[in-house]
Amino acid sequence: ALVLLVAETVPPLSVAPETAALTRDFVVARPSSLVPFLLSLGARGYLQAHGRTRSLLEGVLAANVVNLPAALVLVHGIGEFAGLGVVGAGLAAGLASLVQLVVTALPIPAMLREDLGRPASRQDVDVPAMGKILRLGVPLGLQIMLEAGSFWIVTVLIGRFGDTALA
């Protein structure tokens, strides 16, 4: 809902109609990367806490390897497929985020078995610890959201410059 609100606020901010339409299309497609991104943050924390960061680098590299060709095909098309323009760019970012999550998280099941001496189960969830995590994580999440929001505001303000000024 927040993404759609952001997408709908671009035209009233004196952004050129063509730019506003493209921005809206991209902003609506971009959330495909949100869930993989958030899950990869959790995976990153777990891996870093265990001093096992190699898969973090491998995940970033794999995401970049996938993102370039996916973006080229999804934005510009190939063969009979005409491409999706800015929507394709948003979807390619989502695909790259998903690849990054999968590659990054590959060692985690084995690490959990190693930590627990057996496969993980629901009984392993420590509810009081989860409460503490939420008390720490929510303010950090809000900080990340504010940082991203500031970039959004700057981007919108730059969009108001117009095509001639930006050229």
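Helix H3 passes helix H6 in a left-handed crossing, meaning that the near helix is turned anticlockwise from the far one by less than a right angle (clockwise would make it right-handed). We'll come back to that pair in Exercise 2. This is a predicted model, where local features need pLDDT of at least 70 and side-chain atom pairs count only at pLDDT 80 or more, while totals for chains, interfaces and linings use all residues. Residues are numbered from 1 along each chain as its sequence is written, and side-chain values use heavy atoms, with hydrogens and water left out.

**Exercise 1. The whole chain**

Task: Work out how many helices and strands the protein chain has, and what share of its residues is buried.

Solution:
- Start with the elements: helices (H or I, at least four residues) and strands (E, at least two) are DSSP runs, numbered from the N terminus.
- Counting that way gives eight helices and zero strands, and the pattern along the sequence reads α-α-α-α-α-α-α-α.
- Next comes burial: buried means under 20% relative accessible area, exposed means over 50%, and partly exposed is in between (1.4 Å probe, protein chains only).
- Of the chain's 167 residues, 19% count as buried.
- Finally, take the contacts, meaning heavy atoms within 4.5 Å. Among those between residues at least 6 apart in sequence, 65% join residues at least 24 apart.

**Exercise 2. H3 and H6**

Task: Find how H3 lies relative to H6, and sort the residues of their contact by class.

Solution:
- What do you need to describe two packed helices? The angle between their axes and the distance between the axes.
- Axes are lines fitted to C-alpha atoms, for helices over the stretch in contact, and angles run from 0 to 180 degrees between N-to-C directions.
- For H3 and H6, the axes come within 11 Å and cross at roughly 50 degrees.
- That angle is why H3 is oblique to H6. The scheme is: under 35 degrees is roughly parallel, over 145 roughly antiparallel, 65 to 115 roughly perpendicular, and the rest oblique.
- On the H3 side sit Ala 43, Tyr 46 and Leu 47, which meet Ile 108, Met 111, Leu 112 and Asp 115 of H6.
- Sorted by class, that contact has six nonpolar, no polar and one charged residues. Here Ala, Val, Leu, Ile, Met, Phe, Trp, Tyr, Cys and Pro count as nonpolar, Asp, Glu, Lys and Arg as charged, and the others, Gly among them, as polar.

**Exercise 3. H5 and two partners**

Task: Decide whether H3 and H4 each run roughly parallel or roughly antiparallel to H5.

Solution:
- Take H3 (residues 34-49) and H5 (residues 86-105): their axes come within 9 Å and cross at roughly 25 degrees.
- H3 and H5 are therefore roughly parallel, and their crossing is left-handed.
- H3 brings Pro 36, Leu 39, Ser 40, Ala 43 and Leu 47 to the contact, and H5 brings Ser 97, Leu 98, Leu 101 and Thr 104. That's six nonpolar, three polar and no charged residues.
- Now take H4 with H5: the axes come within 7 Å and cross at roughly 155 degrees, which makes H4 roughly antiparallel to H5.
- H4 passes H5 in a right-handed crossing, and the contact has 17 nonpolar, six polar and one charged residues.

**Exercise 4. The core around Leu 47**

Task: List the residues of the largest nonpolar core, and name the helix that gives the most to it.

Solution:
- A nonpolar core is a set of buried Ala, Val, Leu, Ile, Met, Phe, Trp, Tyr and Cys residues joined through side-chain atoms within 4.5 Å.
- The largest one has six residues: Ala 43, Tyr 46, Leu 47, Leu 56, Ile 108 and Met 111.
- H3 and H6 (108-116) each supply at least two of them, and H3 gives the most, with three.
- Zoom in on Leu 47: beyond its neighbours within four places in sequence, its contacts are Arg 52, Ser 55, Leu 56, Thr 104, Pro 107, Ile 108 and Met 111.

**Exercise 5. Two serines in a loop**

Task: Classify Ser 32 and Ser 33 as buried, partly exposed or exposed.

Solution:
- Ser 32 lies in the loop between H2 and H3, and so does Ser 33.
- Ser 32 is partly exposed because its relative accessibility is 34%, while Ser 33, at 6%, is buried.
- Leaving out residues up to four places away in sequence, Ser 32 touches Gly 90, Leu 91 and Gly 94, and Ser 33 touches Ala 93, Gly 94 and Ser 97.
- Ser 32 and Gly 90 are 58 residues apart in sequence and 7.4 Å apart in space, C-alpha to C-alpha.
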